[in-house]
Amino acid sequence: MSGSPTLLRIFGAGLRAQVAVDQIAWHFKEKYVVEGYYDDKLPVGSAGPNGFPVLGTIDQGVAETPGSGAQVYLAMGTYRSWRSCELFAEFLAKGLTFARLIAPTAHVSPSAVIGENALIFGGVFVGSEAVVGHLFTAHGGTVVEHHCTVGHNVLLGPGVTLAGLTQIEDHCFLGSGTSSKPRTRVASGTMTGAGSVVIADLPPGVIAAGVPAVRQRDVTENDEVPHPSVVKRLQGIFGEQ
Ligand SMILES: CC(C)(COP(=O)(O)OP(=O)(O)OC[C@H]1O[C@@H](n2cnc3c(N)ncnc32)[C@H](O)[C@@H]1OP(=O)(O)O)[C@@H](O)C(=O)NCCC(=O)NCCS
């Protein structure tokens, strides 16, 4: 570790922010100094997760962060992950840098590619030539095997196992313990229930569950993945896929 620590501003002060800050306390104390949070729910000046202060609203953060020298971590999920996507595009255009919170106890192949604003917990394995998009979260023990492609704004719950060449499109959320057969595809904005086994392609915008995983219903506005109308609005936000 060299040089002085980087100041870090976190957008969102909910559960995802809390686990990200815990990851920093655990593995990145010398790399990052958390200045605080921008959040629309907690009052400015109050204590957010792990006691770091709420610096302002999201809009205030958008106004005062570019040019501040601070890096950012976008942690507005899962119900507001669409907002993280919008902020990501805006901050990228303004040249901001995003924190990469990849636990040193994760095993990431040198040939794998991981996007910006990643949160990868201990015990995760990412295999040879896997490609993972921006705004990725992988909880403990998850396996993303060789040549998988994972889109942007994807959350993999604990113990997910993606066999080689699985394709997960943007804005998906795979519940804990989901596993996939090689070469299967989960289309954009689909969520799988805990313990699902994906043996055939899943369509976009559905909640699927079971062994084998099948469509239970369409995604609604209250689900932990963006509604198909929001997915449509976000199309192209990350540029070339
Ligand atoms: C699949 C899921 C999204 C469905 O949520 P929901 O629509 O609120 O579902 P409900 O609890 O109302 O259950 C609806 C039906 O689906 C069934 N069901 C729910 N989750 C299921 C699962 N994981 N596997 C199989 N069936 C499931 C219920 O038994 C119920 O069946 P019934 O209608 O015959 O009684 C949710 O149950 C789930 O598994 N979420 C994953 C959460 C997770 O793993 N998070 C990781 C965080 S780190």
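Domain 1 and domain 2 bury about 1,600 Å² between them. Of that area, 70% sits on carbon and sulfur atoms. Keep in mind that this is a predicted model. Why quote an area at all? The size of an interface is often given as the accessible area lost when the parts come together.

Now, where are the two domains? The domain assignment puts domain 1 at residues 6–93. Domain 2 comes in two pieces, 101–214 and 228–234. Their centres, taken over C-alpha atoms, are 24 Å apart. The contact draws 18 residues from domain 1 and 21 residues from domain 2.

Let's look at the domain 1 side. Which residues there lose the most area to domain 2? They are Gln 23, Tyr 73 and Phe 88. Together they make up 32% of what that side buries.

Next, the polar side of the story. How many salt bridges link domain 1 and domain 2? The count is one. Find Glu 86 and Arg 233 in the structure. Their side chains meet in a salt bridge, at 3.0 Å from N to O. Between the two domains, five residue pairs are in polar contact, with both residues at pLDDT 80 or more.

Which elements of domain 1 face this contact? Three of them each supply at least two residues to the side that touches domain 2. They are α1 (15–27), β4 (71–74) and α3 (81–93). And the make-up of that side? Its residues split into 11 nonpolar, five polar and two charged.

So much for the interface. Back to the picture: start at Glu 86 and Arg 233, the salt-bridge pair.

Note on methods. Residues are numbered from 1 along each chain as its sequence is written. Side-chain values use heavy atoms; hydrogens and water are left out. Domain bounds come from an automatic or database domain assignment. Contact means heavy atoms within 4.5 Å. Buried area is the accessible area (1.4 Å probe) that two parts lose on being put together, summed over both. A salt bridge is a side-chain nitrogen of Lys or Arg within 4 Å of a carboxyl oxygen of Asp or Glu. A polar contact is a pair of N or O atoms within 3.5 Å; within protein, one must be able to donate a hydrogen and the other to accept it, and residues adjacent in sequence count only if both atoms are side-chain atoms. Helices (H or I, at least four residues) and strands (E, at least two) are DSSP runs, numbered from the N terminus. Ala, Val, Leu, Ile, Met, Phe, Trp, Tyr, Cys and Pro count as nonpolar, Asp, Glu, Lys and Arg as charged, and the others, Gly among them, as polar.
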